[in-house]
Amino acid sequence: MWVEHFIQVLCADYWSFYSSWKLLLSALVPKWTVLPSSWCRDFASALIFSTDIHGVPAYQFLGYRYLSLDERQASLSFLATLLELIKSRLTWVNLTSLENWLAELSEGLENQGAHTQIQHIQATMKQQLVDETLGFFTELPMENEWLEESLEFFAELPMAGEWMGE
Amino acid sequence: MAAVEDNIREVEWRDLADTVLVFVCMDTLHDIWLLIWSQDGLFAAFLSAFLIFLIPQLQPSSTDVAMDVLIHISQQLSNSTTPAFEPTAFQVSPSAAAVNMLFFLSLALVLIDAFLAMLVKGWLQEFDRGWRRYTVAHLRAQERERRLQELERWKLGELVGLLPILIQGSLFLFCIGLLVLIFPSHLPSAILCSLMFLSVVGFYVFTTYVSIVNDYAPFSSPVSRLFARGLAMLQTWHIPIPQTVRRIASAISFHNRPPIPSQKQQADADTPDEAMQPLPSNSRTTDVAQPHNPDAVPRSRSGINPQTHVRVLERLVTVTEEAVENIPIFLELLDQPVKDPALRPYTMEKWNELLHITFRLLSDQSTFSVSAAWTLARTMMICYNYDTADQQLYLTLQNHLGSRGAGDEKSRMPLNVLFSAYLSFWLRQSDGRDLCRTIAFLEPSDAADGELLWMVNTSHRTMRFDQDRFLYCPELGETVDMYILFFTAVLTYVSSTEQSRRSSIPLTFAVIYALRAIRSAIDQRGINSIDGLYIFPVTVSTPGPVPMTFCRVDGTDAMALWSQDCIQSVKDLLQWDLTTSVEILTDFRLSLIAALYIDSTKQAHARSHFAGLLNYTNITDLTFLYPGAYDDSKLAIYLYMAVFRKPFEYVHDPLAALERVIRGIIYELSPLQLSGLHVLDIAVKHLHKISAPSLDWLKTLPPYPLLSSPDPTVFALRLVGDWILLHLDTLIAPKPYLLLEKVEKLEWSDIPEEVYIANARLDLYDSLADIGHEADKVSKPDTGLLKVFLWSKDHGVCTRAFKWCLDLFPISHLVHLEM
């Protein structure tokens with residue numbers, strides 16, 4: 001698939017991260033609305049789900065440190081658009097990673113439109129996952145107080161998201 | 001200059017003639033009695049007085065006869081038998097005869113001398129009048145030359161030299177006569193006079209002899225010069241001079257006089273041109289070793305020792321302060337130690353003092369010329385190092401020399417900028433990169449060639465860096481890098497200006513020789529093992545001098561360059577495994593190959609050697625320090641040879657040469673080679689620039705072209721690869737060499753050569769887009785090609801292709817491409 005190849009090229013060279021973001025913002029974003037939705041979904045999936053050898057998603061790997069504040073806001077806005085497209089496929093791991101990454105973003109981006117939008121997506125999807133998981137358990141015959149306490153305990157563990165995703 | 005010589009000679013001869021006339025005219029033109037009392041006519045008076053007294057001795061005296069008659073009468077009166085008086089026959093006494101003969105001979109010599117003096121004076125006036133009547137310079141010079149030749153043929157100079165000798169001879173005869181006169185009369189007086197005469201004669205002989213053995217003695221006279229010439233003739237004729245005479249001569253000699261120079265040497269020494277200086281010798285052999293020996297007195301070629309030279313400067317500077325016309329002479333003298341290392345002063349203090357005086361003399365801007373600044377810069381470099389540098393002098397000189405402007409990065413640098421950069425580097429005010437860049441872009445001239453030769457010859461001293469000093473350039477790495485950088489700059493100057501075609505100064509040979517010596521020293525005991533002032537050996541000088549500074553070389557340098565020894569050195573240098581930066585190494589190898597190629601085209605026998613040397617080149621990365629120094633067409637030729645290791649037959653027509661280069665590169669670029677593509681770009685772009693129609697032969701290439709070998713001796717055809725055809729499309733747009741169906745079948749393999757070709761094509765698209773609507777008429781990006789580029793792992797190629805896809809394609813195409 002070429003899109004995955006393209007994302008790999010964008011993330012391949014540390015020194016080209018800045019130009020990669022610039023390309024996406026200057027060339028892809030203006031055309032985004034006229035591109036086929038299937039291609040857009042493929043691109044969003046590749047950018048958000050592709051990881052490097054350390055498991056870091058491509059959109060995080062690209063980094064923001066060399067972008068100006070306006071460019072960061074624009075890139076966050078574009079990222080929010082991508083997330084909207086594939087939010088139904090986000091797992092607990094994806095959401096947790098996104099939450100951590102948002103928390104590490106520098107000041108100045110907080111409480112901005114795109115930032116808030118991403119936070120909203122992240123919170124909504126996380127809540128939705130929790131609700132779905134809890135709904136799954138409530139349908140089980142062994143529901144009792146001990147189970148609720150256990151579920152709460154497991155939900156706080158680091159590997160809880162992975163387990164719940166399965 | 002000729003007029004000056006004539007004036008000097010005429011004034012000298014006329015003065016001599018006048019002296020002679022004054023000396024003798026008093027005897028002939030004035031009353032003899034008046035001359036007795038004249039203080040000026042000493043000789044004439046003495047001679048005349050004595051002649052008056054002595055002439056009667058040659059005739060019978062009537063007084064004596066009357067006395068004899070009276071005595072005889074008296075005898076007869078007393079004695080009647082006495083016979084009648086009979087006069088006796090007159091006889092001149094021998095002493096009176098001898099004295100008169102000597103005195104008359106002396107007088108005759110004086111008269112002859114007067115006569116000759118009057119004649120000489122008249123002849124000289126005629127000589128002068130004969131050529132001065134012409135007003136046209138060349139006619140005047142011709143007339144003067146003809147008359148001068150005749151003057152020399154008839155030995156007029158020798159005749160003038162005879163005049164004082166005649167007077168001296170006359171005086172000698174007079175003295176002898178005087179002694180003969182006195183001896184019979186009064187012996188004690190005679191002995192006393194004899195002693196006086198002998199002492200004077202002894203003094204005369206002594207002073208004459210001193211003048212013969214010492215050219216600089218103040219007793220020089222025509223007689224001593226005559227004897228000196230006679231002595232030289234005896235030596236020329238190989239007449240043995242007794243050892244005793246030699247020993248006595250050397251014992252009496254007050255000055256270590258150098259051997260009498262030959263006429264040619266004399267002419268060379270008299271020539272003010274700097275070119276006549278032989279190449280300085282290596283300290284390990286002769287000259288420079290001498291100052292280390294306190295017992296040895298170093299001698300310059302002119303035979304003057306440094307202390308004498310400094311004294312001359314001191315004496316001159318005192319009068320120069322009141323006579324500015326002496327400044328050029330003073331500067332010329334100040335420049336001598338640069339040309340003649342033996343004249344370097346023993347102590348820096350005296351030299352420093354002279355430099356300060358010079359600066360004071362030149363404080364007036366109008367007299368401080370650029371050439372004066374050059375001289376002082378050279379002198380400073382000889383006299384100082386960074387420890388003893390005088391910052392005030394340095395800043396003043398830098399101000400007069402000027403420096404390179406920021407905007408003339410690629411323009412040729414004048415010589416004063418070179419001096420400025422070199423002085424700055426010498427005094428550790430800069431790290432050397434500015435100097436090397438200045439050298440690479442130096443305006444070609446004979447003076448620049450000579451200066452560079454001197455710099456190469458002293459490079460083992462100037463390139464030494466003290467790593468503890470803050471100005472040491474860490475990115476230049478090891479010291480050897482600085483040498484390579486410097487020699488690369490010199491070779492770039494040589495090859496980019498084709499110096500060896502214009503000048504007979506063997507800069508290429510000098511660089512090879514110096515690098516070999518330095519490399520050998522570094523490999524063995526370090527650069528400090530070259531302890532002399534100069535790298536080159538004594539034997540570089542040759543009989544054919546060229547008008548150059550600091551050195552005397554001839555046109556036979558090319559023979560030395562292509563000697564087996566030198567060829568082996570070049571092989572070693574081309575294969576020298578250095579840890580230096582790629583740019584320096586590439587430039588060094590390229591400039592060396594280029595310089596050798598230029599020289600090889602001058603002589604047939606060198607071409608095969610050059611072709612053999614190409615096998616030792618190894619240039620893979622075409623990153624240059626000084627690419628702008630070369631003309632693109634020549635750069636393409638040099639690069640073609642260096643990259644493909646193929647000799648290039650010299651072609652006078654630059655257009656034809658370029659076409660041959662392009663054809664050769666296309667033929668050789670299978671498999672692809674990054675450096676080859678780079679060379680192809682340079683050649684085609686230059687061909688585009690100078691003459692687009694000349695690309696017709698390329699435009700007529702059919703699809704799937706077969707190209708014949710560029711070597712006419714080899715019959716071979718080679719199919720040009722698809723990627724090369726694609727690159728030709730890029731370079732020589734708009735003709736498509738690669739058919740559309742072939743474009744679709746191109747396979748991307750991410751090798752650097754394909755990335756290079758793709759980037760070139762994308763650059764073309766970008767440039768066409770910048771043109772605007774015109775681009776639509778010329779060329780549109782090939783969608784099939786962009787699709788190929790999209791699969792590149794190279795960030796630039798992939799993202800740029802993606803951008804073009806977004807700009808160009810309708811949505812339907814984008815989907816169709818299955819991106």
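These legends describe close-up views of a predicted model with chains A and B. Local features are given where pLDDT is at least 70 and side-chain atom pairs count only at pLDDT 80 or more, while totals for chains, interfaces and linings use all residues. Residues are numbered from 1 along each chain as its sequence is written, and chains are lettered from A and ligands numbered from 1 in the order in which they are written.

**View 1. Chain A, with 9 helices and 0 strands.** Helices (H or I, at least four residues) and strands (E, at least two) are DSSP runs, numbered from the N terminus. Along the sequence, chain A reads α-α-α-α-α-α-α-α-α. Of its 166 residues, 21% are buried; a residue is buried if 20 or more other C-beta atoms lie within 10 Å of its own, exposed if 12 or fewer, and partly exposed in between, with C-beta atoms placed from the backbone. Two residues are in contact if their C-beta atoms, placed from the backbone, lie within 7 Å. Among contacts in chain A between residues at least 6 apart in sequence, 76% join residues at least 24 apart. The mean pLDDT (the predictor's confidence in each residue, from 0 to 100) of chain A is 79, and 78% of its residues reach 70 or more. Within chain A, confidence is highest in α3(A), at 88, and lowest in helix α9 (residues 160–165), at a mean of 57.

**View 2. Helix α3 (residues 37–49) of chain A and its buried residues.** The 13 residues of α3(A) should span 18 Å at 1.5 Å a residue, and the end C-alpha atoms are 18 Å apart, which agrees. The expected span is 1.5 Å times one less than the number of residues in the helix. Which residues of α3(A) are buried? They are F43(A), A44(A), A46(A), L47(A) and I48(A). These buried residues pack against α1 (2–12), α4 (58–61) and α5 (69–86) of chain A. An α-helix has 3.6 residues a turn, so residues three or four places apart point the same way.

**View 3. Crossing of helix α2 (residues 17–31) and α5 in chain A.** The axes of α2(A) and α5(A) come within 10 Å and cross at roughly 60 degrees. Axes are lines fitted to C-alpha atoms, for helices over the stretch in contact, and angles run from 0 to 180 degrees between N-to-C directions. The crossing of α2(A) past α5(A) is left-handed, meaning that the near helix is turned anticlockwise from the far one by less than a right angle (right-handed if clockwise). From α2(A), W21(A), L24(A), L25(A) and V29(A) meet E71(A), A74(A), S75(A) and F78(A) of α5(A). By class, this contact has 6 nonpolar, 1 polar and 1 charged residues. Here Ala, Val, Leu, Ile, Met, Phe, Trp, Tyr, Cys and Pro count as nonpolar, Asp, Glu, Lys and Arg as charged, and the others, Gly among them, as polar.

**View 4. Contact between chain A and chain B.** The contact takes 16 residues from chain A and 14 residues from chain B. On the side of chain B that touches chain A, α37 (795–808) and α38 (811–816) each supply at least two residues. The largest share of that side, 6 residues, comes from α37(B). By class, the side of chain B that touches chain A has 9 nonpolar, 2 polar and 3 charged residues.

**View 5. Two loop residues of chain B with positive phi.** Most residues other than glycine have a negative phi, and most peptide bonds are trans. Phi of E498(B) is near 50 degrees; E498(B) is in the loop between α21 (479–496) and α22 (499–502) of chain B. Phi of R645(B) is near 55 degrees; R645(B) is in the loop between α28 (632–644) and α29 (654–668) of chain B. E498(B) counts as partly exposed, with 17 C-beta neighbours inside 10 Å. R645(B) counts as partly exposed, with 17 C-beta neighbours inside 10 Å.

**View 6. A510(B) and P627(B), with residues distant in sequence.** Chain B has 38 helices and 2 strands, and 34% of its 819 residues count as buried. A510(B) is in helix α23 (residues 507–524) of chain B. Why does A510(B) count as buried? Because A510(B) has 28 C-beta neighbours inside 10 Å. N457(B) is 53 residues from A510(B) in sequence and 7.6 Å away in space, C-alpha to C-alpha. P627(B) lies in the loop between α27 (604–614) and α28 of chain B, and is partly exposed, with 16 other C-beta atoms within 10 Å. The C-alpha atoms of P627(B) and S496(B) are separated by 9.8 Å, with their positions 131 residues apart along the chain.
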